[in-house]
Amino acid sequence: MASLAVRVLSGVLRPTRKRPVETVEGARRRIARAKADPAPPGWVVRRHGVTRRTVGGFSVYTVRPGRVADPGRAVVYLHGGSYVGEIGPAHWALVSRLADAGCRVEVPVYGLAPRHTYREAFPFLTEVHRGLLDGLPPERTAFAGDSAGAGLALALAQSLPGAGLPLPARLVLISPWVDATLSHPSIPAVAEADPMLSPVSLLESARAWAGGDDLAHPRISPVNGPMAGLPPTDLYIGTRDLFHGDVLRLHGALLAAGTRVRLDEAVGAIHVHPLTPTPEGRRARRRIAVSLRGSR
């Protein structure tokens, strides 16, 4: 059973996050809304060493543990937001936790729909990864992300062999959005229980991100991409998450391809529960920190 904290949070999220975007009109208003400032909150800057650089016209923030110059381990973190919402406080809180675990965290601020599409994200993120490899061996790097960002992290990893680049040592995928078509048969039933995600809103966002391309394209729906050769992968999902069925499908595909994969399935937990102030979230954050600290 879900904790009391999850049940209370669900009651808050349903009217504030889900209901406003359950119609096409509401979803399109969200997509067209001005994007938030992606800069890290002041407390993150005070707690960590934070720098900013530009790669291919997009910003990348580097967050180091304390004032350590180089911890010798790096994580590229890609935030969620359905490809239309900017990185926010909950994402930065997790980034801070990863830095506290002894990782240098690279936070690429990829372009969002409707102004940008997936086609611009891949060259940018490939260059971010290439830049990491100038100073670190691939076994000291990892990709992590939540929701849309987790799907993007998986698709990026799948694309690296074609770019002639080595893969990171680990993938940590939190509630990854891996099938933009939302065609899994479990979705209608789970949509009733999920207090955050609206299929209507997600489809509108996916179409904007795809820029006219097929939503089943592997770079948009990486569950359709190559699974063989991927690094060890951790999957975090709750049973009240709209993406639950697709993550189970991804888990099966990774196992079939011979990839080492660990499924962390939290009964009663909601979308991106490791980012939430709940007992389920705290347990998941501890596991993520241990996993990334051990990536070599």
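## Asp-264 and its partners

With a relative accessibility of 9%, Asp-264 counts as buried in this predicted model, where the cut-off for that label is under 20%. Even so, Asp-264 has a salt bridge to Arg-287, with 2.8 Å from N to O. That pair links distant parts of the chain, with Asp-264 sitting in strand β8 (residues 261-266) and Arg-287 in helix α10 (residues 279-293), 23 residues apart. The arginine end is partly exposed, at 39% relative accessible area.

Asp-264 also makes a salt bridge with Arg-262, and here the closest N and O atoms are 3.6 Å apart. Arg-262 is partly exposed too, at 33%. Which residues end up in one network through shared salt-bridge partners? They are Arg-170, Asp-234, Arg-262, Asp-264 and Arg-287.

## Another bridge, from loop to helix

The salt-bridge count comes to twelve. One to look at is Asp-179 with Arg-249, whose side chains meet at 3.2 Å, N to O. Asp-179 is in the loop between β6 (170-174) and α7 (187-193), while Arg-249 belongs to helix α9 (residues 244-256), so this pair ties together parts that are 70 residues apart in sequence.

Are the two ends buried or exposed? Asp-179 is buried, with just 2% relative accessible area, whereas Arg-249 comes out as partly exposed at 38%.

## The sheet

Now for the sheet: eight strands make an open sheet with mixed pairing, in the order β1-β2-β4-β3-β5-β6-β7-β8. The edges are taken by β1 (49-55) and β8, each with a single partner strand, so each has one side left without a neighbour in the sheet. Going from one strand to the next, the twist averages 20°.

At the β1 end, β1 pairs with strand β2 (residues 58-64) in the antiparallel sense, over seven bridges. As a handle for finding this pairing on screen, look for Val-50, which stands opposite Val-63 in β2.

Two helices that pack on the sheet are worth pulling up next. Helix α6 (residues 148-159) touches β3 (74-78), β5 (141-146) and β6, and its direction makes about 145° with that of β5. Helix α10 packs on the sheet as well, touching β3, β5, β6, β7 (233-238) and β8, with its direction at about 165° to that of β6. This is the helix that carries Arg-287, the partner of Asp-264 in β8.

## A nonpolar patch on the surface

Which residues form a nonpolar patch on the surface? Leu-4, Val-8 and Val-12 do, and together they offer about 280 Å² of accessible area. Val-12 has its place in helix α1 (residues 4-18). Its relative accessibility is 46%, so Val-12 counts as partly exposed.

## Trp-43

Trp-43 is found in helix α3 (residues 42-47) and is partly exposed, with a relative accessible area of 38%. What does Trp-43 contact, once its neighbours within four places in sequence are left aside? The contacts are Trp-92, Ala-93 and Ser-96.

For a sense of scale, take Trp-43 and Ser-198, which are 155 residues apart along the chain: their C-alpha atoms are separated by 32 Å.

Methods:
Residues are numbered from 1 along each chain as its sequence is written. This is a predicted model: local features need pLDDT of at least 70, side-chain atom pairs count only at pLDDT 80 or more; totals for chains, interfaces and linings use all residues. Side-chain values use heavy atoms; hydrogens and water are left out. Patches are made of residues with over 30% relative accessible area and no salt bridge: like charges are joined within 9 Å, nonpolar side chains (Val, Leu, Ile, Met, Phe, Trp, Tyr) within 5 Å. Accessible areas come from the Shrake-Rupley method with a 1.4 Å probe; for residues, only the protein chains shown count as cover. A salt bridge is a side-chain nitrogen of Lys or Arg within 4 Å of a carboxyl oxygen of Asp or Glu. Helices (H or I, at least four residues) and strands (E, at least two) are DSSP runs, numbered from the N terminus. Buried means under 20% relative accessible area, exposed over 50%, partly exposed in between (1.4 Å probe, protein chains only). Two strands pair if DSSP finds at least two bridges between them. Axes are lines fitted to C-alpha atoms, for helices over the stretch in contact, and angles run from 0 to 180 degrees between N-to-C directions. Contact means heavy atoms within 4.5 Å.
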